[in-house]
Amino acid sequence: MFSDKKNPSPSSSRKLNSPPAEETTPLIDNTKPLSSHPKTLANVFIAIVGAGVLGMPYAFKRTGWIMGLLILSFIAASTTYCMTLLVQIRRKLDSYENGTTNISSFGDLGFAVCGTLGRFVVDVLITLSQAGFCIGYLIFIANTLLHLFHDEPSSDLGLSSGMSRFTVKSLYIWGCFPFQLGLNSIKTLTHLAPLSIFADVVDIGAMGVVMLEDLRLIMRQRREVKAFGGVSVFFYGMGVALFGYEGIAMVLPIESEMKDNAKFNKILALSMGLTTLMYGAFGALGYFAFGDKTKDIITSNLGTGWISSLVQLGLCINLFFTFPLMMNPVYEIVERRFSGGRYSLWLRWLLVLIVSLVALFVPNFADFLSLVGSSVCCCLGFILPGLFHLLAFKDEQGCKGCSLDIGIMIFGVVLAISGTWFSLMEILSAKE
């Protein structure tokens with residue numbers, strides 16, 4: 001689950017002698033066995049729930065717990081609606097072509113509606129979002145190890161400033177770098193598939209331990225909490241929530257693999273509802289347990305016992321091995337555009353280097369979640385679905401439908417600009 005939006009990779013099913021990918025080639029091969037209702041429910045749940053849940057208690061601390069719950073509910077409902085818009089567009093295009101359009105990914109849909117430009121925009125945003133998730137993983141790993149093994153988080157081990165400034169956190173990130181080069185050199189996801197099962201087991205166990213610890217602390221001592229925050233933290237909370245719900249890139253692949261996809265919308269709504277309940281409980285309990293002392297990564301609030309240490313180390317190992325899984329969609333897109341769809345080791349290593357460098361300069365995990373959610377995830381979750389739906393249905397949905405699509409786009413633009421601004425202010429103020 002914390003492995004976030006696990007986009008399936010076409011390279012895992014692409015034959016060795018297949019021709020180079022072209023603009024019209026579907027990004028995802030649509031030859032997998034169809035999924036049952038329970039499996040589809042689980043796939044949606046796993047695709048949505050990611051590492052962003054670890055920042056929910058801190059977001060509740062900033063927004064207040066009632067405002068946090070309201071934001072979660074609103075984002076869940078809005079995101080679910082926008083996901084169904086994408087499904088509507090694909091089904092309409094399929095009806096025109098008797099089900100032969102081969103639209104099985106967000107990028108394919110962008111190409112079908114807006115041509116090359118549509119696919120390019122979607123590819124860029126998915127690349128940024130997936131890379132953003134991996135940057136968050138490195139921040140989490142470095143901050144968690146810093147919390148476990150060092151009493152003074154700001155202790156410096158080296159030189160003065162800029163790229164020469166080696167803090168303990170940066171050493172942990174650079175320590176991961178050579179190993180990530182090796183893992184990200186693997187051509188196919190087949191050899192990494194067992195890590196997905198391991199990730200889910202670790203994530204469920206970790207969340208259970210954290211929530212039990214929260215309940216124990218709440219029963220022992222009730223801390224003072226606030227219900228509402230200000231306007232600025234409202235946009236901050238919206239960004240964190242968007243990061244947590246950003247599974248929109250996985251909707252079309254999952255829907256296309258469902259046996260009875262006529263019931264997909266109901267299963268999607270059920271899975272989003274369950275996810276919202278879990279996010280709300282996790283965020284509220286974490287905030288109630290630690291109050292104003294709630295940290296940006298909730299596991300950092302846990303004690304120093306061996307169970308707490310195992311949970312945090314388990315999450316670090318999980319995200320460490322999830323990194324190449326999350327970067328694979330980025331490699332598919334970049335290799336498709338710069339090496340004719342063929343495997344390119346130097347491109348992969350360059351991307352790992354860029355991700356690692358960005359992670360060095362982001363001080364706060366939750367602030368970064370808000371930035372990615374407000375910028376990239378907002379575009380994927382609101383602006384593009386509204387735009388694509390407007391273009392596909394403009395001749396048949398009337399003024400009311402067009403106004404709703406335009407309203408979704410305007411809301412996305414306002415949220416993206418304001419949320420990105422406030423998130424950047426938080427990150428820059430943390431560095432001062």
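How many of the 15 residues of helix 7 are buried? In this predicted model, twelve of them are, so helix 7 is largely enclosed by the rest of the structure. The buried positions are V233, F235, Y236, G237, M238, G239, V240, A241, L242, F243, G244 and Y245. Helix 7 comprises residues 231-245, and its end C-alpha atoms lie 21 Å apart. This separation agrees with the 21 Å that the helix should span at 1.5 Å a residue.

The setting of helix 7 is a protein chain with 13 helices and zero strands. Read along the sequence, the pattern is accordingly α-α-α-α-α-α-α-α-α-α-α-α-α. Of the 432 residues in the chain, 55% are buried. Contacts between residues at least 6 apart in sequence were also examined for the chain, and 84% of these join residues at least 24 apart.

The packing of helix 4 against helix 5 was examined next. Two packed helices are described by the angle between their axes and the distance between the axes. Helix 4 (residues 106-149) and helix 5 (residues 168-183) pack at an angle of about 125 degrees, and their axes are 9 Å apart. An angle between 115 and 145 degrees falls outside the perpendicular and antiparallel ranges, and helix 4 and helix 5 are therefore oblique to each other. Their crossing is right-handed. On the side of helix 4, the contact is formed by L138, I139, I141, A142, N143, L145, L146 and F149, which meet V168, K169, Y172, I173 and C176 of helix 5. By class, this contact has eleven nonpolar residues, one polar residue and one charged residue.

Helix 9 (residues 264-290) offers a further case in which end-to-end span can be set against expectation. With 27 residues, helix 9 reaches 39 Å from its first C-alpha to its last, close to the 39 Å expected at 1.5 Å a residue. Just after helix 9, G291 takes a positive phi of about 60 degrees.

A final site concerns L428, which is placed in helix 13 (residues 398-431). The relative accessible area of L428 is 46%, and the residue is partly exposed because this value lies between the 20% and 50% cut-offs. The C-alpha atom of L428 is separated by 9.2 Å from that of V362, although the two residues are 66 residues apart along the chain.

Conventions:
Residues numbered from 1 in each chain as written. Predicted model: local features only at pLDDT ≥ 70, side-chain atom pairs only at ≥ 80, totals over all residues. Heavy atoms only, no water. Helix = DSSP H or I, 4+ residues; strand = E, 2+ residues; numbered from the N terminus. Expected span 1.5 Å × (residues − 1). Buried < 20%, exposed > 50% of the residue type's maximum accessible area, 1.4 Å probe, protein only. Axes fitted to C-alpha atoms, helices over the stretch in contact; angles between N-to-C directions. Parallel < 35°, antiparallel > 145°, perpendicular 65-115°, else oblique. Left-handed = near helix turned anticlockwise from the far one by under 90°. Contact = heavy atoms within 4.5 Å. Nonpolar A, V, L, I, M, F, W, Y, C, P; charged D, E, K, R; others polar.
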